[in-house]
Amino acid sequence: MFPSSSSPKDIRENFNTTFNTNVTSLYTVTLALLPLLHLSPTPIVINISSGRASLTRSSDGKLPPTKVVSYSISKAAVNSLTIELQKVEDALCEEDRGEENEVGRGNVKFFAANPGHCKTAFNGFKGTKDPLDGAEVVVRLVAGDGKKGGFWEFEEGVLKEVPW
């Protein structure tokens with residue numbers, strides 16, 4: 001929403017809190033767990049994003065108006081973070097090629113997942129999808145479906161790549 005009566009201080013606090021929760025904290029936790037992920041034979045990180053993070057969908061007029069601007073922008077940042085983490089991980093793989101390396105080092109697969117507009121307390125249970133159906137995208141990505149570094153959703157019984 002575009003709050004006409006909010007002060008610049010309130011807007012800053014909202015954006016800072018939203019970005020700290022959705023982006024900075026996600027990055028910090030991922031970095032803290034990366035050494036453990038490198039010990040795993042099948043390391044996977046799935047960042048929960050949103051359909052609102054798709055710049056294509058946001059700009060083509062097919063989504064309803066944005067209600068919380070900071071949320072949408074922060075989820076687009078989650079997608080960007082996912083891409084950047086995958087690039088760094090792929091570079092580790094190239095750097096270590098042909099050498100004895102840690103199990104999994106350079107092999108972490110990063111994904112962004114759009115569960116869809118699920119009925120949750122976050123939206124007053126006004127979503128169009130059961131949360132169990134929204135979780136299916138994560139189940140499919142854990143099972144090994146989907147290209148690493150991509151943005152995915154599970155709709156109409158099919159895992160689909162979401163346009164950036």
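A salt bridge, for this talk, is a side-chain nitrogen of Lys or Arg within 4 Å of a carboxyl oxygen of Asp or Glu. Here's one to start with: Glu 136 and Arg 140 form a salt bridge through their side chains, at 2.6 Å from N to O.

Okay, some housekeeping. What you're looking at is a predicted model, where local features need pLDDT of at least 70 and side-chain atom pairs count only at pLDDT 80 or more, while totals for chains, interfaces and linings use all residues. Residues are numbered from 1 along each chain as its sequence is written, and side-chain values use heavy atoms, with hydrogens and water left out.

Now the overall picture. The protein has 5 helices and 4 strands; helices (H or I, at least four residues) and strands (E, at least two) are DSSP runs, numbered from the N terminus. Going along the sequence, you read α-β-α-α-β-α-α-β-β. The C-alpha trace spans about 60 × 40 × 30 Å along its principal axes. There are 164 residues, and 33% of them count as buried. Buried means under 20% relative accessible area, exposed means over 50%, and partly exposed is in between, with a 1.4 Å probe and protein chains only. About 10,000 Å² is exposed, with 60% of that supplied by carbon and sulfur atoms. Those accessible areas come from the Shrake-Rupley method with a 1.4 Å probe, and for residues only the protein chains shown count as cover.

One more overall number, on contacts, meaning heavy atoms within 4.5 Å. Take contacts between residues at least 6 apart in sequence: 63% of them join residues at least 24 apart.

On to the sheet. In what order do the strands of the open sheet run? The order is E1-E2-E3-E4, and the pairing is mixed. E1 and E4 are the edge strands, each pairing on one side only. From one strand to the next, the twist averages 35 degrees; for angles like that, axes are lines fitted to C-alpha atoms, for helices over the stretch in contact, and angles run from 0 to 180 degrees between N-to-C directions. Two strands pair if DSSP finds at least two bridges between them. E1 and E2 do so in the parallel sense, over 5 bridges. If you want a spot to click on, Ile 46 has Phe 111 in E2 as its bridge partner.

Back to salt bridges. How many does a search of the whole structure find? It finds 8. In our opening pair, Glu 136 and Arg 140 sit 4 residues apart in helix H5, so about one helical turn separates them. Both are partly exposed: Glu 136 has a relative accessible area of 22%, and Arg 140 is at 29%.

Lys 9 and Glu 13 give another one, at 3.8 Å from N to O. They both lie in helix H1, again 4 residues apart, about one turn of the helix. Lys 9 is exposed at 57% relative accessibility, whereas Glu 13 is partly exposed at 41%.

Then there's Asp 90 with Lys 148, whose closest N and O atoms are 2.9 Å apart. Asp 90 is in helix H3 and Lys 148 is in the loop between helix H5 (136–142) and E3, so this pair ties together parts that are 58 residues apart in sequence. Asp 90 is partly exposed at 26%, and Lys 148 is partly exposed at 39%.

Also in helix H3 (residues 69–96) is Leu 92. Is Leu 92 buried or exposed? Buried, with a relative accessible area of 15%. Apart from its neighbours within four places in sequence, Leu 92 touches His 38, Arg 105 and Gly 106.

Leu 39, on the other hand, is in the loop between helix H1 (8–37) and strand E1 (44–48), and Leu 39 is exposed at 56%. Together with Val 29, Leu 33 and Leu 36, Leu 39 makes a nonpolar surface patch of about 400 Å². Patches are made of residues with over 30% relative accessible area and no salt bridge; like charges are joined within 9 Å, and nonpolar side chains (Val, Leu, Ile, Met, Phe, Trp, Tyr) within 5 Å.

Last stop: two backbone oddities. Phe 125 isn't a glycine, yet its phi is positive, near 60 degrees. Phe 125 sits in the loop between strand E2 (109–114) and helix H4 (131–134), and is exposed at 56% relative accessibility. Glu 156, also not a glycine, has a positive phi of about 55 degrees. You'll find Glu 156 in the loop between strand E3 (151–155) and strand E4 (158–161), exposed at 73%.
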